[in-house]
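Work through these exercises with the sequence and the 3D view side by side. Each task is followed by a stepwise solution.

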2 protein chains.
Amino acid sequence: MAKNENVSISVIRRLPRYYRFLSELMRQGRDHISSRELANVMGLTASQIRQDLNCFGGFGQQGYGYRVESLFQEVARILGLDQPLSAVLIGTGNLGRTLALHIDFETKGFRLTGLFDNNPAVIGTHIGGMKVMGMDELESFCRREKPSVAVLCIPKEAAVMVSELLISLGIRGFWNFSHYDLAIEHEDIVVENVHMGDSLMTLSYLVHDSMESAPVSVKGKKE
Amino acid sequence: MAKNENVSISVIRRLPRYYRFLSELMRQGRDHISSRELANVMGLTASQIRQDLNCFGGFGQQGYGYRVESLFQEVARILGLDQPLSAVLIGTGNLGRTLALHIDFETKGFRLTGLFDNNPAVIGTHIGGMKVMGMDELESFCRREKPSVAVLCIPKEAAVMVSELLISLGIRGFWNFSHYDLAIEHEDIVVENVHMGDSLMTLSYLVHDSMESAPVSVKGKKE
């Protein structure tokens with residue numbers, strides 16, 4: 001498939017949703033689906049789906065729609081899930097520990113290869129079968145294993161310094177849970193800042209709004 | 001402030017970001033800020049900021065900009081953070097436990113009032129000072145405490161049934177981590193589906209993209 005160089009971030013952010021919905025359709029044993037029906041289950045328009053997929057070459061057949069399994073595999077390939085990236089996780093407090101145990105990195109395009117912390121009480125302990133290493137082992141680990149992504153679960157105060165260190169060790173992307181919007185100066189470094197609190201505050205707005213007015217003025221959207 | 005009834009979901013989703021950035025400006029001791037500078041730190045345009053805030057009445061003064069603290073307080077009020085909602089959390093496995101301990105519900109507009117699980121091994125234990133109750137206690141708890149929001153950390157398979165039960169008990173909104181897009185039939189029920197894996201897959205795309213092309217075709221965006 002030909003990848004268009006100017007794909008917008010909104011289209012890219014919709015790809016994981018296609019992946020999830022197509023995966024569910026496969027689980028249901030669906031062989032093919034029209035863009036109209038796919039649009040309907042995903043809460044999009046058929047035209048938006050055609051436009052989105054055309055960014056990557058387009059995969060539908062007039063009058064037949066999309067083959068579920070082959071579209072699923074194309075989306076997985078576009079997302080890079082067939083070429084897993086090595087990832088290290090920094091900070092194994094409550095959140096880091098839960099991510100290490102709960103997130104299925106393998107199916108999302110990553111191999112979690114190293115866990116790091118600076119707390120002597122947890123260094124050497126195991127999380128989900130992986131040994132927690134000390135921060136002093138990070139450099140030699142990165143030189144040896146060449147991870148390309150870091151999951152940051154460290155306090156805001158440490159995030160800037162640790163991210164600079166990681167970039168100098170070859171890290172190209174961050175999944176950042178540090179409650180701090182990393183604004184990396186390097187043009188070729190990618191950051192996904194995760195703010196779970198934003199989602200919670202949005203919910204606060206929507207619930208208050210739905211309680212003030214019935215029927216509601218803003219409806220829940222499929223995501 | 002007058003709330004416009006037709007505020008788009010995109011504007012609503014930006015409000016928590018305003019809240020975070022304004023909170024940081026207050027921490028830095030800033031008294032006021034121009035829409036141009038606020039736009040710059042948030043990665044938006046000044047015109048977009050004016051449009052966003054005009055949905056709620058507009059708070060700037062020509063030639064002076066925004067008073068940081070009063071805008072912060074207005075945004076907090078718009079989000080409903082000054083009228084906290086009672087929330088129950090269902091499912092205290094790894095993820096539920098971490099959310100209970102890690103998320104600062106109080107500053108996000110919620111009071112976490114009850115934790116529930118169906119696992120006899122955890123019922124009666126404490127998480128962050130709160131006792132985990134059995135699912136058989138849910139109904140009497142809801143009738144007594146009248147929570148309006150539920151945090152769902154239960155498997156996909158259980159999510160549909162439990163969400164219907166919760167709606168019958170008065171729940172108006174869901175923060176849904178069940179790996180299942182709740183598509184609630186009830187018009188006045190609000191759902192925030194949280195898919196952390198989507199963010200991870202987006203990162204996979206962006207890192208692969210940045211490794212294929214230097215300089216990159218899609219740059220990291222402030223979020």
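**Exercise 1.** Does E192(B) count as buried or exposed?

*Solution.* Start with the type of model: it is predicted. Next, locate the residue: E192(B) sits in strand β9 of chain B. Then apply the cut-off: buried means under 20% relative accessible area. E192(B) has 2% relative accessibility, so it counts as buried. Last, look for a partner: the E192(B) side chain is in polar contact with the side chain of S199(A), at 2.9 Å.

**Exercise 2.** Describe the extent of the interface between chain B and chain A.

*Solution.* Begin with the residues. Chain B brings 74 residues to the contact, and chain A brings 74 residues. Now take the area. The two chains bury about 7,200 Å² between them. Of this, 64% lies on carbon and sulfur atoms.

**Exercise 3.** Find the polar links across the interface, then the elements behind the chain B side.

*Solution.* Step one: count the salt bridges. There are four between chain B and chain A. One of them pairs K156(B) with E24(A), with the closest N and O atoms 3.4 Å apart. Step two: count the polar contacts. They link 21 residue pairs between the chains, both residues at pLDDT 80 or more. Step three: list the elements. On the side of chain B that touches chain A, α1 (9-27), α4 (68-79), α5 (94-102), β8 (173-176), β9 (190-193) and α8 (196-212) of chain B each supply at least two residues. The most come from α8(B), with 17 residues. Step four: sort this side by class. It holds 35 nonpolar, 19 polar and 20 charged residues.

Methods:
Residues are numbered from 1 along each chain as its sequence is written. Chains are lettered from A and ligands numbered from 1 in the order in which they are written. This is a predicted model: local features need pLDDT of at least 70, side-chain atom pairs count only at pLDDT 80 or more; totals for chains, interfaces and linings use all residues. Side-chain values use heavy atoms; hydrogens and water are left out. Contact means heavy atoms within 4.5 Å. Buried area is the accessible area (1.4 Å probe) that two parts lose on being put together, summed over both. A salt bridge is a side-chain nitrogen of Lys or Arg within 4 Å of a carboxyl oxygen of Asp or Glu. A polar contact is a pair of N or O atoms within 3.5 Å; within protein, one must be able to donate a hydrogen and the other to accept it, and residues adjacent in sequence count only if both atoms are side-chain atoms. Helices (H or I, at least four residues) and strands (E, at least two) are DSSP runs, numbered from the N terminus. Ala, Val, Leu, Ile, Met, Phe, Trp, Tyr, Cys and Pro count as nonpolar, Asp, Glu, Lys and Arg as charged, and the others, Gly among them, as polar. Buried means under 20% relative accessible area, exposed over 50%, partly exposed in between (1.4 Å probe, protein chains only).
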